[in-house]
Amino acid sequence: MAAELGEIEELVEEILIRLPKDEPGNLLRSSLACKPWRDLLASHAFRRHHGDFHRTPPMLGFLRDWPELSIEFFPTTDFLARGPDPQHQYTVEDCRHGRVLLRYFDEDEDMPLLVVWDPMTGSETVLGTLKMSEKARSFASVICAADSCRHGDCHSGPFGVVFVILHREEEVATASVYSSETGSWSSSAVTDVGTFEDEIHFSMPSVLAGDALYFLLFRGQDVEGCSILKYDLGTSCLSEIHLSEEMQDASDNPILMVGEDGRLGIAHLFFFGLSVWWREVDPDGVVSWTQRRDIDLETLLPASDSIVSPELVGSMEGTDIIFATTNLGTYEIDLKSLKSPLKMLSSKLCQHPDIKWTLFPYVSFYYPPAPAVAGVVAEASSDEAGHGNEEAEVSRIEEV
């Protein structure tokens with residue numbers, strides 16, 4: 001085993017590539033078998049081939065946005081996140097491309113700050129937010145900024161943060177982008193959103209479809225006030241998409257989603273009836289919305305969990321998967337292969353009578369950490385930020 005792999009390297013690689021992608025502990029333990037295996041798993045070639053074979057990264061866990069409680073990572077695999085600085089009270093803003101965007105209020109600076117956190121390594125990047133009035137509303141999204149990235153393992157590359165503000169006095173929305181490469185914010189894109197009241201807010205997290213981010217706006221109890229803000233990353237333009245009365249009447253709690261084919265969708269849930277509208281663009285650029293068949297979730301839930309109507313709490317981009325919570329727990333709904341009963345993600349997270357929370361899936365391939373020194377396994381230690389070696393990582397995984 002201490003010898004170089006030589007002629008069997010390709011065979012070993014083909015075997016390791018076929019380990020289940022949603023069981024990251026298998027790759028980690030394989031990296032401890034011997035130095036040649038560790039070097040193979042740490043190579044860029046293996047990561048490229050592994051991504052080509054599995055195509056879409058798995059959901060390793062999820063977070064929720066609940067300001068009254070401290071941030072908590074809920075694993076759905078044997079992956080354990082390396083937590084952010086515990087001294088702050090965070091809320092979750094967004095989660096995408098292997099990164100989580102957090103927000104906390106810094107009393108010394110007397111302003112809210114954004115933090116880009118990597119659960120894989122525990123690293124954090126603190127950003128200052130743009131100035132805004134107390135009556136303004138804001139939301140932020142994180143994206144990978146690497147060229148030609150497939151977004152399965154882009155933790156170490158550049159990133160961007162899109163910060164959208166609703167200005168009540170000016171009746172406009174603005175969007176600016178922070179670049180990790182320049183360490184600065186771009187100039188603001190502006191669009192008119194008309195008169196709105198204090199209760200206007202962003203409903204659920206944004207979604208990335210193609211080269212644009214979409215934010216769902218919800219104006220209190222007025223169903224006619226539901227619309228979508230679109231920020232085009234290529235042109236840096238901000239615009240508003242108005243929805244038909246038929247779509248808005250379907251529910252007062254819609255969520256945005258992006259299907260496997262990259263289309264933007266809106267899912268509605270009214271009692272136990274689920275419907276999804278997909279945005280279509282014809283060759284002439286004409287946009288329309290088409291509705292798929294209604295789905296009766298009552299027939300897919302356990303009999304003991306079909307008393308209270310479920311609520312939609314999020315979606316997973318690039319799939320046909322959405323998430324719903326009930327009085328007994330949180331479920332995953334795959335619109336492509338509806339099964340009975342639905343897959344339960346957590347029995348700990350249930351509906352709350354006073355709080356509507358959001359689920360943020362953490363989606364990424366996992367690869368074992370590279371040795372600190374070539375040919376030498378790092379000492380079994382871990383610093384306060386959560387950085388450690390392979391043996392420490394195995395111990396963490398085996399605690400699950």
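The following exchange goes through assignments made in a predicted model and the values behind them.

User: Why is Ala-81 called buried?

Analyst: Ala-81 has a relative accessible area of 19%. Buried means under 20%, so Ala-81 counts as buried. The residue is placed in the loop between β2 (73-75) and β3 (91-96). Ala-81 and Met-120 are 6.0 Å apart, C-alpha to C-alpha, and 39 residues apart in sequence.

User: What makes Glu-72 and Lys-348 a salt bridge?

Analyst: Their side chains meet at 3.6 Å, N to O. The cut-off is within 4 Å, between a side-chain nitrogen of Lys or Arg and a carboxyl oxygen of Asp or Glu, so the pair of Glu-72 and Lys-348 is a salt bridge. Glu-72 lies in the loop between β1 (59-65) and β2, and Lys-348 in the loop between β25 (343-346) and β26 (358-363), so the pair ties together parts that are 276 residues apart in sequence.

User: Why is Lys-348 called exposed, and why is Glu-72 called partly exposed?

Analyst: Exposed means over 50% relative accessible area, and partly exposed lies between 20% and that value. Lys-348 has 61%, so Lys-348 is exposed. Glu-72 has 34%, so Glu-72 is partly exposed.

User: How do you know that Arg-96 and Asp-94 form a salt bridge, and are these residues buried or exposed?

Analyst: The closest N and O atoms of Arg-96 and Asp-94 are 2.6 Å apart. The limit is 4 Å, so the pair qualifies as a salt bridge. Arg-96 has a relative accessible area of 4% and Asp-94 has 1%. Buried means under 20%, so Arg-96 is buried, and so is Asp-94.

User: What makes Arg-263 and Glu-280 a salt bridge, and where do they lie?

Analyst: Their closest N and O atoms are 2.3 Å apart. That value is within 4 Å, so Arg-263 and Glu-280 form a salt bridge. The pair links distant parts of the chain, 17 residues apart: Arg-263 is in the loop between β17 (255-258) and β18 (264-270), and Glu-280 is in strand β19 (residues 273-281). Salt bridges that share partners also join Asp-94, Arg-96 and Glu-317 into one network. The structure holds twelve salt bridges.

User: Why is Asp-110 called exposed, and which patch does Asp-110 help to form?

Analyst: Asp-110 has 58% relative accessibility. Exposed means over 50%, so Asp-110 counts as exposed. With Glu-107, Asp-108 and Glu-109, Asp-110 forms a negative surface patch. Its place is in the loop between β4 (99-106) and β5 (111-117).

User: Why are His-151 and Ser-236 called partly exposed, and what sign does phi have in each?

Analyst: Partly exposed runs from 20% to 50% relative accessible area. His-151 has 26%, so His-151 counts as partly exposed. Ser-236 has 40%, so Ser-236 counts as partly exposed. Phi is positive in His-151, near 65 degrees, and positive in Ser-236, about 60 degrees. Neither residue is a glycine. His-151 lies in the loop between β7 (137-144) and β8 (159-167), and Ser-236 in the loop between β15 (227-232) and β16 (237-242).

User: Which residues do ring pairs link into a cluster, and how many aromatic pairs are counted?

Analyst: Ring pairs link Phe-73, Phe-79, Tyr-362 and Tyr-366 into a cluster. Rings pair if their centres lie within 6.5 Å, and by this rule the count comes to twelve aromatic pairs.

Terms used. Residues are numbered from 1 along each chain as its sequence is written. This is a predicted model: local features need pLDDT of at least 70, side-chain atom pairs count only at pLDDT 80 or more; totals for chains, interfaces and linings use all residues. Side-chain values use heavy atoms; hydrogens and water are left out. Helices (H or I, at least four residues) and strands (E, at least two) are DSSP runs, numbered from the N terminus. Buried means under 20% relative accessible area, exposed over 50%, partly exposed in between (1.4 Å probe, protein chains only). Rings of Phe, Tyr and Trp (its six-membered ring) pair if their centres lie within 6.5 Å; planes under 30 degrees apart count as stacked, over 60 as edge-to-face and the rest as tilted. Patches are made of residues with over 30% relative accessible area and no salt bridge: like charges are joined within 9 Å, nonpolar side chains (Val, Leu, Ile, Met, Phe, Trp, Tyr) within 5 Å. Accessible areas come from the Shrake-Rupley method with a 1.4 Å probe; for residues, only the protein chains shown count as cover. Lys and Arg count as positive and Asp and Glu as negative; His and the chain ends are not counted. The place of a charge is taken as NZ of Lys, CZ of Arg, CG of Asp or CD of Glu.
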